[in-house]
Amino acid sequence: MVAFYIVLVLGTLVGAAYLTLAFQEFKRSRDAQPVVQDESPEAFDQQGRGFSWVAGAGVVVSTTLLVLVSVDGVFWYLLPLLGVGSALAVVVAFLADRSEASASPSERAAGSGVAR
Amino acid sequence: MAATHLSGWLGYGLLLGLGVFMLAIAAAVRPFVRNTHDFVIAGRRIGLGFGVGSVIAVWTWSMAVMMSSAQAYTWGTSGLVWFIVPNGLAVVAIVPFALKLRKHMPKGYTIVEFIRVRFQSRTATAVMLGAMVFGLLCEIFINLFGVVLVTGVVFDLNTTVVLLVTLVTITVYSYFGGLWTSAITATVNTLLITVPAALVVLYVLAKVGGAGAVFDKVGAKGGSLLNPFSAQTASAFGISLALGLLASTMADQTFWQKVWAMRPGNLRRTFVWGGLWFYPIPLTLGLLGLVGISLGVTPDDLGSAGAGGIGPYVVSHLGIPVVLIALYVLVILNACYSSIDGAFSALSSLVAVDIVKQARPHIAEKRLIAFTKGSIVIAGLVGAVVVSSNVDYVSLVNLVFFIKAVLIFPLALAIFWSRTTARGFVASIVLGIAVGLPLRQTGHDLLSIVALEGVSLAVVVGVSLLEGKRFDFDALRRDAGALEQVPGAPDAVLEGAR
């Protein structure tokens, strides 16, 4: 039951951050003026680099988790924790949006290539 | 094991309560939507947070959530490997296709639009449009089935009433905001799936004596329940499912709509994060299937729900607190609602761009958005009729997944190989199905999928080489963007959107 209470606390904290950041991003998207997006071919080519490594790593990690689950019951507790990790990933994504929005237009053009 | 007695009113309360919550969000989102362009593509302004959140939720089908428990219950951990690994990979695998199309066709809306501009062929366009619409309708049916299953097992609710309540609820809130509503409600859905699922599963494990005890009991059952690489599972369903899943994202407008709606700089991160962070959801809920094995639940106990009912059965028969049972039902309902409203939104984009705008290119904005929104209501009605009838829609959906798998090679080559022709595209789909389907119907599951893919690849390559044509991908940049507004255009056009 200890794992349950740990995830209850973690989940509550992550949930609060998630909803707060989602609401802030919603307001920012509603109020922001549309910016010209960088849709140059180079911007997309750059994103494609190293993709197969990322996809391969995803397969390896998920398969490894399932192998661990087949080896010992103690590893089963990792899976619900990772479930909270999924919510945390969205929190991090909202933070990335916020940091992108607060960057100056020139920084954005030089960085993610979102605006110019 | 005795079931926990739960009032049916709690079930209806959950169905309606979640709907009212989503409707409140939709009402708040409404100001975003100024015209059809906003309705179907969210002004191409969806950021990383709403992108990742909505991709996870849209891919988390209600049946997928319950099927992970079902596959673990039926096959042990090898069922989880073959069900879950290709599921997440399918989302990640769309990245190269998405980058290629967004690069050459930045003003696109739908994958059918790509096929129309790419091939300039009515036949190829009609085939793709038919496949997309049928696929989206089936996506709606199968998620409705998930709601019926969970509310039936847990609350013993009447199927027809559940269907009507669910469809009316989702149709109403989807009607108001299009893709913006879908993305924002789906992001909230992701939170309401991930954390509650973790809590419910951890409580269930504690209730049955801990993960170690369950592990030992499953191991004691013998067989290959704890062998993640069982060859029997691979041949029984694993390989065909993996191919079907890959086609499901590539040939699904729900995903393509998001590809064109994201801010371009976030394209790769959105789908990679979405795919990778989708994994923990079915992994977590799959554990309920292993708990079911350890408790000795038999197929007879599950009755007509079959193995798909193992998750709801375990949760409702262990005597865990009602609030946790309600949370589990909410997980399934969230998965269902997000997938259905995503399908509604995708369908509306096809109707606007590929049907109405093609039939009447100069249609007024006000009428265009009326048709677009009306398509959501019509899809809801079709869903109600089909699911209320006695159609075996699980078999229907399996069939659709099989047929969609034929699109993998022709669509991938249409995107990446300039020599692919319309004749090659259509012939590969028709002949692939003509060879693969009869084999499937005669029980040759693995052979049928191999034949389907093999024939479609050979035909699209062979016919295209024989024709000897080349396509200039720059034409995509010129000929797409049916709903794009001309900068500086008068705002009068926006009035009809409200």
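Start by selecting B:Ile332 in this predicted model. Skip the neighbours within four places in sequence, and B:Ile332 is in contact with B:Ser62, B:Val65, B:Met66, B:Gly146, B:Val147 and B:Val150. Colour those partners and keep them on screen for a moment.

Now widen the selection. B:Ile332 is among the residues that touch the most other members of the largest nonpolar core, together with B:Leu199, B:Val200, B:Val201, B:Val329 and B:Leu333. That core holds 214 residues. Which helix gives it the largest share? Pick α9(B): 24 residues of the core come from there. Domain 1 (8-391) and domain 2 (417-476) of chain B each put at least three residues into the core.

Next, colour chain B by domain. The assignment gives domain 1 as 8-391 and domain 2 as 417-476. If you drop a marker on each C-alpha centre, the two markers for these domains of chain B sit 28 Å apart. Where they meet, domain 1 of chain B brings 13 residues and domain 2 of chain B brings twelve residues to the contact. On the domain 1 side of that contact in chain B, look at α7, α8 and α11 (231-250), each of which supplies at least two residues. The top contributor to this side is α11(B), with four residues. By class, the domain 1 side of chain B that touches domain 2 of chain B splits into seven nonpolar, five polar and one charged.

Zoom out to the whole of chain B. Switch to cartoon and you get 24 helices and zero strands. How does its radius of gyration sit against the globule rule? The value is 23 Å, close to the 23 Å that the rule gives for 498 residues, so chain B is as compact as a globular protein of that length. Along the principal axes, the C-alpha atoms of chain B fill a box of roughly 65 × 50 × 40 Å. Colour by burial, and 62% of the 498 residues of chain B count as buried. A contact map is worth a look too: among contacts in chain B with a separation of 6 or more, 86% are between residues 24 or more positions apart.

Two backbone spots are next. Most residues other than glycine have a negative phi. Select B:Gln120, in the loop between α7 (111-119) and α8 (122-155) of chain B. This residue is no glycine, yet the phi of B:Gln120 is positive, near 50°. Is B:Gln120 partly exposed or buried? Count the other C-beta atoms within 10 Å: there are 13, so B:Gln120 is partly exposed.

Then hop to the far end of α8 and select B:Asp156, which lies in the loop between α8 and α9 (159-207) of chain B. B:Asp156 also has a positive phi, about 60°, although it is not a glycine. B:Asp156 has 12 C-beta neighbours inside 10 Å, and so it counts as exposed.

Last stop: bring chain A into view. Here 58 residues of chain A are in contact with 65 residues of chain B. On the chain A side, select α1 (2-31), α2 (41-48), α3 (51-71) and α4 (78-102), the elements that give two or more residues to the side touching chain B. Colour that side of chain A by class and you will find 36 nonpolar, 16 polar and six charged residues.

How values were computed:
Residues numbered from 1 in each chain as written. Chains lettered and ligands numbered in written order. Predicted model: local features only at pLDDT ≥ 70, side-chain atom pairs only at ≥ 80, totals over all residues. Contact = placed C-beta atoms within 7 Å. Nonpolar A, V, L, I, M, F, W, Y, C, P; charged D, E, K, R; others polar. Buried ≥ 20, exposed ≤ 12 C-beta atoms within 10 Å, placed from the backbone. Rg over C-alpha atoms; globule rule 2.2 N^0.38 Å. Domains from an automatic or database assignment. Core = buried A, V, L, I, M, F, W, Y, C linked by C-beta atoms within 7 Å.
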